[in-house]
Amino acid sequence: MMRWKLPVTQQETITCYDDLGNPKTHGPEQRYVSPTTGICRKLVVQAVTPFGKSEVAISNHTNQASKIAIWLLANSPIRGWIIFKWIVVWFWFTLKLLWTVLWLLAQYFFLIDLADDTGEDTDVYNTGYYKSYARGFQGQLWAARSSMEHSSRIIEEGEMDIPTHTLYPRLLIIRDPIRNEWIPCADHDIIIRTKFIAISYRAVDAFTRGPDQETEKAQFTEEVRAAVLGQKYDAYWLDLECIGETPSEKNRDLYCMADVYRGAELTLIMLGKSAAGENECWRGWGERVWTMPEALLSPRLCYKFRDRDVVTPLSLFELANLAYTNYDVEQAIINAYSGKDPLERLERLTLLKSAIWRRGTAALAPGVAPPPPKLDAIGEKSVTSGAYKAERVYALMGFFEHRIQPNRSEDDLHALVRLSMANDNDRIAERMVSMLPSTITKSACWYADDDFYNAKLWDIQPEIQVAGITENGALVVDGCRAAAIRWKDFPEVAFVTTDSLRRTIIGFVPYLSWPTLIIGIGILMISRVGGITLIVIGLVLLIMSPRLFVFSQSGRIVSAQPWFIGVKGVLSIKEVEKHLYGGARGHFPRMYFTPSGSQFSIPERGMERGGSLRQYDYAKLADSGPDAGHIFTLIDTCSSTMYYFRAERPPTVCIFTGREGGLGRFVLCSEKCGINELHKESVLRMPTEISQKMELCGWLALG
């Protein structure tokens, strides 16, 4: 008889390794590295509304005596039948006081160690530092900043022999006046003495890919030669004819293309046929990747339509009006290169990057900026025909002092990091790490084109350095200060309040209740009056002890053990104070909202700087809308500040990466233990001084 069984489904597993190289296999659930043991563990998240196995109700390790005392004061014993529960709770509170007295006596007379050795964070003392992140990057770099480091990047033959700059083209097309022929010339002595015109064009205006492609290229070349002769020149540079055939020649020609246009006497812009519409010709030319650097680097410009003989001189300002559609950015670039309104170097390069990234290639329509991790832009000119995916970066690098060697195997991300490392003063990649883009990509999360806080690249002062990039696009950074974020519950936080002799004395009185009561009972047989007096005093102190205890715990927090504590959902200030400090009564605020540090921050408009209480309602509304389940609360006990933020997953690591606008930039990351990377979930603006409470760590990979 055949028995039917349910099919066995194999669950997905992930293998990660600890610092000693020991493997550990687990499921695909979110994990984190324990800051106390360094072991990879399943992440348990406390939530306002728990959902699923990995979420639990909010709990805390606040001093239990403080919580019981608050309950006793908040609930009247004469209300209904609660008197019996109140008496039981009160008796339990008094036993807590007795246990404290016995523990102190045991420590003093018998030196008994009653410390907890369960491995949990139960010791309450102020170390002055956040819990450190106990894991670093383990792996190999695809491209490293230092030549002393090993790089797994495959270096193409002859790549390292390419010169960094050149004063003249490798090849020119020069007219032989005797034979009246145009011939390619690679003679160094002839080229350096020859004035030439550089040609800028759009491939679709020159030829159409297909069976007639070569015929159309030849016709376009003849038109170029006629225009060059019309300008009284006998030499020109056109990539259709001057780009080499071998990989090393192509790399060099691409590498030094910026110097070709710098060295030309004139750049001739060859447009399509005006019959198709002049504006259309200009817009099409202006929306390609290479045409912007070709125009900006040229000393002089002129243009010609293919169906007209006239060649017209052109200024950069006229060019901007005719060819460029993103007026604000491109006008600023034109002003900078014309000398009218100079920009700082980094600002100019950032605007150039933004303008070039919007331009189209053969694989992408003009104006479409794809997500950085998926850039497969292949150029439409022969210089990049089917070979270079990092076309945008190679077009941009002509504006940089130090350039990188082109490589067919890299995409825009890898090339951009290599370009940033080569030009360390600009530190573009380091600045991007600190930015919060409108969309954080699943891979290469460090990349940013914009910032939620409206900061520009040049506004950010990085505090980290890029050490290299991995093969899958993760940025490896050095010099990070990192701290772990606690999600499972609220720990008991060691804190110090303002000095008060009255609170100190009153706080000591409840602990005298039991000794007074016991001594009174002990001397009752010797002195009846004295014994009864002490017993009455002891009982009165026991009854008054909850109120006295709460008063002693009140006051303004002066310093507290630094903790980053996370909660899924939106908590109010009063709820956070209750979970942190037991809800001690007092008129001093213990937690504050950030005025400008998160996506939900709203500043007060009064005489003093502070965060508005309205951001609680703002975050609460967001948590009930489309972002429900992705709104989190972060509590920083060091600065006594609360932050509401949006993230796809709960971040478990906080990294200090830079400064901007008078505050620090702190990147909140989740962990991918299987590939030993961190993933940016959000960025907060927090007080810079708290970074000194975070310990330095080794290399980290942001991917």
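## A buried tryptophan to start

Is W446 buried or exposed? In this predicted model, W446 has a relative accessible area of 0%, so this tryptophan is buried. That makes a good entry point for a walk through the aromatic pairs, a two-sided strand, a helix residue and the internal cavities.

## Aromatic pairs

The structure holds 15 aromatic pairs. One of them joins W446 and Y447 in an edge-to-face arrangement, with 6.0 Å from centre to centre and 75° between the planes. The angle earns that label because planes over 60 degrees apart count as edge-to-face. Like its partner W446, Y447 is buried, here at 6% relative accessibility.

Another pair to look at is F656 with F666, which is tilted: the centres are 5.1 Å apart and the planes make an angle of 40°. This pair links distant parts of the chain, as F656 sits in strand 25 (residues 653-660) and F666 in strand 26 (residues 663-672), 10 residues apart. F656 has a relative accessible area of 5% and F666 has 0%, so both rings belong to buried residues. There is also a cluster to find on your screen: W282, W285, Y303 and F305 form one aromatic cluster.

## Strand 8 and its two partners

Now turn to strand 8, which spans residues 172-176 and is mostly covered, with four of its five residues buried. Which strands does it pair with? Strand 9 (residues 181-185) runs antiparallel to strand 8 and is joined to it by five bridges. Strand 11 (residues 235-237) is also antiparallel to strand 8, with two bridges between them.

Individual residues make these pairings easy to follow. I174 of strand 8 has I183 of strand 9 as its bridge partner, while I173 is bridged to Y236 in strand 11. The hairpin of strand 8 and strand 9 has four residues between the strands, and N180 there takes a positive phi near 55°.

## A serine in helix 15

S420 is found in helix 15, which covers residues 412-422. With 4% relative accessibility, S420 falls under the 20% cut-off and therefore counts as buried. What does S420 touch, once its neighbours within four places in sequence are left aside? The answer is a run of residues further along: S420 is in contact with R427, I428, A429 and E430.

## Cavities inside the model

Rolling a probe the size of a water molecule over the atoms shows where empty space is left. Here the count comes to five cavities of 30 Å³ or more. About 90 Å³ of space lies in the largest cavity.

Which residues surround that space? The lining of the largest cavity is made of 14 residues, and M257, A258, W290, P293 and L297 lie nearest its centre. Sorted by class, this lining has 11 nonpolar residues, one polar residue and two charged residues. Four helices each supply at least two of the lining residues: helix 7 (247-255), helix 8 (257-263), helix 10 (291-296) and helix 14 (391-396). Helix 8 gives the largest share, with three residues.

Key
Residues are numbered from 1 along each chain as its sequence is written. This is a predicted model: local features need pLDDT of at least 70, side-chain atom pairs count only at pLDDT 80 or more; totals for chains, interfaces and linings use all residues. Side-chain values use heavy atoms; hydrogens and water are left out. On a 1 Å grid over the protein atoms alone, a cavity is a set of points where a 1.4 Å probe fits but cannot get out, and a pocket is an open set with protein on both sides within 12 Å along at least five of seven lines; lining residues have an atom within 4 Å of a point. Grid points are joined across faces, edges and corners, and a volume is the space filled by probe spheres set on the points. Ala, Val, Leu, Ile, Met, Phe, Trp, Tyr, Cys and Pro count as nonpolar, Asp, Glu, Lys and Arg as charged, and the others, Gly among them, as polar. Buried means under 20% relative accessible area, exposed over 50%, partly exposed in between (1.4 Å probe, protein chains only). Two strands pair if DSSP finds at least two bridges between them. Contact means heavy atoms within 4.5 Å. Rings of Phe, Tyr and Trp (its six-membered ring) pair if their centres lie within 6.5 Å; planes under 30 degrees apart count as stacked, over 60 as edge-to-face and the rest as tilted.
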